[in-house]
Amino acid sequence: MPTLSISGRTYFYEDRGEGLPVVLLHGFPFSSESWWPQLEAPPKGVRLIVPDHRGFGHSEPGEGPATMEAMAEDVLTLLDALRLPSVVVGGLSMGGYVAIALTRLDPGRVKGLVLVDTQSFADDEAGRQRREATAVDVEAHGVNGLVDGMLPRLFAPGADGAVRARVEKLMRAQQPGGVAAATRGMATRTDGKDILSRYGGPCLVVVGDADAITPPEKAKVLAELVAGSTLEVIAGAGHLAPLEQPAAFSAALERFLARLA
Ligand code: MLT
């Protein structure tokens, strides 16, 4: 896995395939590994760039809350280092929040936007308080309580047992400090409505039909915000559509990328 030093922090990323650059941003509390079906078989004519956000996977944490803007700045620094002036930016759940933040920071960089099992909304006050309680718990006791709470809501009924087991292992391996920092960072995120309404570029919105965390109603709001976007609802998938139904997800992604080529 190649690395970059950002302000003295090690930042890991995967870089696979050749062609149209597509950045895929992982959700919470995962790592670049959560895109394994796509990394194992990058779409033809596509270069996949898949980082570990600060404090996740092999990337070192930064100082203070890991805001969506800070994680987006890391991605922009990586794109500068790779000399990529414009890319397709995709993100799942928290990765989608980071993709929206990146679009706000540097819209010219975004050749296309892929928003997967995510939402445009900020947290309300009750949600922010829940995040703080989670961060305090993770700092005191590690990630297991958070993982135990999330696992029952992640997958569609009948999800593959091996996928469930790998995801659970991946979640339990995350760094408590990085997880707490991202929890606090998500609590401070702003509503994406303004930037998504202004964006105007190509956009694909993907959601599992059984996503209990960011359900299809939220995906419809996203798709309505971005004029001309495409909404793909993946049957038999929960919150992790690219892992639960990789063939259907890859087909949706490839249809979208073919339109950009
Ligand atoms: C994720 O999957 O990234 C999280 O569920 C996002 C969130 O907690 O808002």
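Student: What makes the pair formed by a ligand oxygen and the side chain of Ser 93 a polar contact?
Tutor: Keep in mind that this is a predicted model. An oxygen atom of the ligand is 2.9 Å from an N or O atom in the Ser 93 side chain. A polar contact needs a pair of N or O atoms within 3.5 Å, so this pair qualifies.

Student: Which part of Met 94 does an oxygen of the ligand approach, backbone or side chain?
Tutor: The backbone: a polar backbone atom of Met 94 is 2.8 Å from a ligand oxygen. For Tyr 97 the partner is an N or O atom in the side chain, 2.6 Å from an oxygen of the ligand. Both distances are within 3.5 Å, so these count as polar contacts too.

Student: How do you know whether the ligand is mostly buried or exposed?
Tutor: Taken alone, the ligand exposes 270 Å², and the protein buries 91% of that, so "mostly buried" fits. Residues around the ligand include Gly 27, Phe 28, Arg 131, Met 150, Met 186, Ile 213 and His 239.

Student: Phe 28 also sits at a peptide bond to Pro 29; what kind is it, cis or trans?
Tutor: Cis, with omega at about -5°. Pro 29 belongs to the loop between S3 and helix H1 (36-40).

Student: Why are H2 and H3 called roughly perpendicular?
Tutor: Helix H2 (residues 68-81) packs against H3 at an angle of about 70°, with the axes 8 Å apart. The label covers 65 to 115 degrees, so H2 is roughly perpendicular to H3. Among the residues that meet are Met 68, Met 71 and Leu 76 in H2, and Met 94, Tyr 97 and Leu 105 in H3.

Student: And what makes H4 and H7 roughly antiparallel?
Tutor: Helix H4 (residues 125-141) and helix H7 (residues 176-187) pack at about 170°, their axes 9 Å apart. Antiparallel here means over 145 degrees, so the label holds for H4 and H7. The contact includes Arg 131 and Val 138 of H4, plus Val 179 and Met 186 of H7.

Student: On to the sheet: why do S6 and S7 count as paired strands?
Tutor: Strand S6 (residues 110-116) and strand S7 (residues 203-208) share four bridges in the parallel sense. Pairing takes at least two bridges, so they make it. At one spot, Leu 115 stands opposite Val 205 in S7.

Student: What makes S1 and S8 the edge strands?
Tutor: The open sheet has eight strands in the order S1-S2-S4-S3-S5-S6-S7-S8, with mixed pairing. Strand S1 (3-6) and strand S8 (230-234) each pair on one side only, which means they are the edges. Neighbouring strands in this sheet are turned by 20° on average, direction ignored.

Student: Which strands does H11 touch?
Tutor: Helix H11 (residues 246-260) packs on the sheet and touches S3, strand S4 (46-51), S5, S6, S7 and S8. Its direction makes about 160° with that of S6. That is over 145 degrees, so H11 runs roughly antiparallel to S6. Helix H3 (residues 94-105) lies across strand S3 (20-25), strand S5 (87-92) and S6.

Student: What is unusual to look for in phi of Ser 7?
Tutor: The sign: phi is near 50°, a positive value in a residue other than glycine. Ser 7 lies in the loop between S1 and strand S2 (9-16).

Methods:
Residues are numbered from 1 along each chain as its sequence is written. This is a predicted model: local features need pLDDT of at least 70, side-chain atom pairs count only at pLDDT 80 or more; totals for chains, interfaces and linings use all residues. Side-chain values use heavy atoms; hydrogens and water are left out. Axes are lines fitted to C-alpha atoms, for helices over the stretch in contact, and angles run from 0 to 180 degrees between N-to-C directions. Contact means heavy atoms within 4.5 Å. A residue is near a molecule or strand if one of its heavy atoms lies within 4 Å of it. A polar contact is a pair of N or O atoms within 3.5 Å; within protein, one must be able to donate a hydrogen and the other to accept it, and residues adjacent in sequence count only if both atoms are side-chain atoms. Accessible areas come from the Shrake-Rupley method with a 1.4 Å probe; for residues, only the protein chains shown count as cover. Angles under 35 degrees count as roughly parallel, over 145 as roughly antiparallel, 65 to 115 as roughly perpendicular and the rest as oblique.
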